[in-house]
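Grab a coffee and work through these exercises with the model open beside you. Try each task before you read its solution.

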Amino acid sequence: MFETVASIPAGTQMVIAFFLLMAIGVPVAFSLGLSALYAMWLIGFGFDLAGDLIASGIAKYSLLAIPFFILAGALMGSLGIAERMIRFFRVLIGSLPGGMGVVGTVVCLFWGAVSGSGPASVAAIGPMLIRAMEEDGYSRAFAAGLVSTGAAFSIVIPPSIGLVIFGVIAETSISDLFIAAIIPGAFMGLTMLAVLPLAGRGQGKGRAALDRLSPDPYAGAPYGTRLWRSFRDSFWGLLTPVVILGGIYSGIFTPTEAALVATVYALGVGGIVYRTLTLRGLYASLSDAASSSAVVMMVVAYASLFGWVVTVEDLVGSYSTALLGLSDNGAVILIVIMLILLIAGMFMDAVTVMFISLPIFMPVVRELGWDPVWFGVLTMVNLAIGLITPPVGINLYVAANVTRLRIEQVARGALPFLLASLIGLVVIAAAPEMSLFLVRLLGG
């Protein structure tokens, strides 16, 4: 038995060890680090090299965007910016039959342009939206499924933490990735809205659902007055994506600098305009952002060890060659890659999946002549679907936690949107121009 194990290359043993550690419940970051250290020991390299590899893995300027985008999202949630946006969308479309379902979808997608993180979006705005949809006549499971799906596409809609990570790993322009994701992100939102009337049939009564949770200060006023005043109150929050994305696309600042601009902007709006900034709230936002950023950055740090072994053992060459040898048909290879990403996304977060898979997939992408920007958007959509795919869709777990439902109930509520999302994924894969049109139009 030991001779059989010893005959397996160290890199392959590392991959097996990683999945075994994950299976017994070891956190992702430590599974990456321990399996990589095991492989380094097999190869014969000293562990003193690990510190240098970890340091070089996280010492990338582009990665600074991650903690600042997370902090910006936390601040906008705690400073009442999210609540004001929800109120505006409620007044705008919430009076329609089933309107809170539309409001929930739009707010989740809009919040994606602020937080860039699926699970963080569920945790930040999920409780308010789910309870509001319940008051509007939706079942709690259906509401949780809708919010889980809408929040999942936060990693597609720019500015997206996932796209930042993809750009760093694949050495692809992050600005081009942000531009390319706009139309596909909006398209995935439209697929949700298209399936909503059928999936939510018999639910949603159009009542003033948020009044008990977020009282409307303009209740009783004419519709036009309520709409104008809610828009005025939420204007600075609604302007956030315009400031962030407009600055990036116009060349005023880079995506990394945009993360800092978003944080300063949130502090300015909360402290000067809304005057909701307090030391206690600021401390809570900093604490939440620090803990969330630490989780992501630990994965990045230990993934650098994992990636070094992948390079030394030439797993990229052997695995990508095997992938290319599956078929001469590029469509078949693309389907295989998408299935791998979808299955991996069921069990691991998007950052981990990208660090493990992209070094193997990107040589295949280049060999087949696919546009890496289009492939980046396609990867994000696929991984977003993984966030709501049982058995371990992370968004489903977060939604189950905030609603006190079983994950099976949330998964059933998300099922119609999951099926619609898979159809959307096929369309984006079959129509690269949907992703590349704006990039070419803007000269990317």
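**Exercise 1. Salt bridges**

Find the partner of R440 in a salt bridge, and give the N to O distance.

*Solution.* Step 1: look for a side-chain nitrogen of Lys or Arg within 4 Å of a carboxyl oxygen of Asp or Glu, which is what a salt bridge means here. Step 2: from R440 you land on E433, with N and O 2.5 Å apart. Before going on, note that this is a predicted model, where local features need pLDDT of at least 70 and side-chain atom pairs count only at pLDDT 80 or more, while totals for chains, interfaces and linings use all residues. Residues are numbered from 1 along each chain as its sequence is written, and side-chain values use heavy atoms, with hydrogens and water left out.

Step 3: check how covered E433 is. Its relative accessible area is 39%, so E433 is partly exposed; buried means under 20%, exposed over 50%, and partly exposed in between (1.4 Å probe, protein chains only).

Step 4: collect the rest. The structure holds three salt bridges. R140 pairs with E134, closest N and O atoms 3.1 Å apart, and E408 pairs with R406, also with 3.1 Å between the closest N and O atoms. R140 is partly exposed at 34%, and E134 is partly exposed at 28%. For the other pair, E408 comes out at 40%, partly exposed, and R406 at 48%, partly exposed too. As background, side chains of opposite charge can pair when their charged atoms come close.

**Exercise 2. T149 and M192**

Is T149 buried or exposed, and which residues does T149 touch beyond its sequence neighbours?

*Solution.* Step 1: place T149. The residue belongs to helix α9, residues 140–152; helices (H or I, at least four residues) and strands (E, at least two) are DSSP runs, numbered from the N terminus. Step 2: read the accessibility. T149 has a relative accessible area of 0%, so it is buried.

Step 3: look at the side chain. One of its polar atoms sits 2.9 Å from the backbone oxygen of G145. Step 4: list contacts, meaning heavy atoms within 4.5 Å. Skipping neighbours within four places in sequence, T149 meets M192, I388, A414, F417 and S421.

Step 5: follow M192. This residue lies in helix α12, residues 182–199, and is buried because its relative accessibility is 1%. With residues up to four places away left out, M192 touches T105, L146, T149, G150, F153 and F417. M192 and G150 are 42 residues apart in sequence, yet their C-alpha atoms are 7.9 Å apart.

**Exercise 3. Inside the fold**

Which members of the largest nonpolar core touch the most other members?

*Solution.* Step 1: build the core from buried Ala, Val, Leu, Ile, Met, Phe, Trp, Tyr and Cys residues joined through side-chain atoms within 4.5 Å. Step 2: rank its 150 residues, and F153, I337, F375 and V381 touch the most other members. Helix α19 (residues 350–367) gives the most to this core, twelve residues. Step 3: zoom in on I337, which touches L323, F361, V364, W370 and F375 when residues up to four places away in sequence are not counted.

Step 4: try a helix. Nine of the ten residues of α10 (residues 161–170) are buried, so this helix is largely enclosed by the rest of the structure. The buried ones include I161, L163, F166 and A170. Right after α10 comes E171, with a positive phi near 55°.

Step 5: zoom out. The protein chain has 23 helices and zero strands, and 54% of its 444 residues count as buried.

**Exercise 4. A greasy surface patch**

Which helix supplies the largest share of the nonpolar patch?

*Solution.* Step 1: gather nonpolar side chains (Val, Leu, Ile, Met, Phe, Trp, Tyr) within 5 Å, from residues with over 30% relative accessible area and no salt bridge. That gives W228, F231, F235, W236, I272 and V273, with about 590 Å² of accessible area together (Shrake-Rupley method, 1.4 Å probe, only the protein chains shown counting as cover for residues).

Step 2: assign helices. Both α13 (223–238) and α15 (255–273) supply at least two residues each, and α13 has the largest share with four. Step 3: check W228, which is in α13; its relative accessibility is 51%, so W228 counts as exposed.

Definitions and conventions. Patches are made of residues with over 30% relative accessible area and no salt bridge: like charges are joined within 9 Å, nonpolar side chains (Val, Leu, Ile, Met, Phe, Trp, Tyr) within 5 Å. A polar contact is a pair of N or O atoms within 3.5 Å; within protein, one must be able to donate a hydrogen and the other to accept it, and residues adjacent in sequence count only if both atoms are side-chain atoms.
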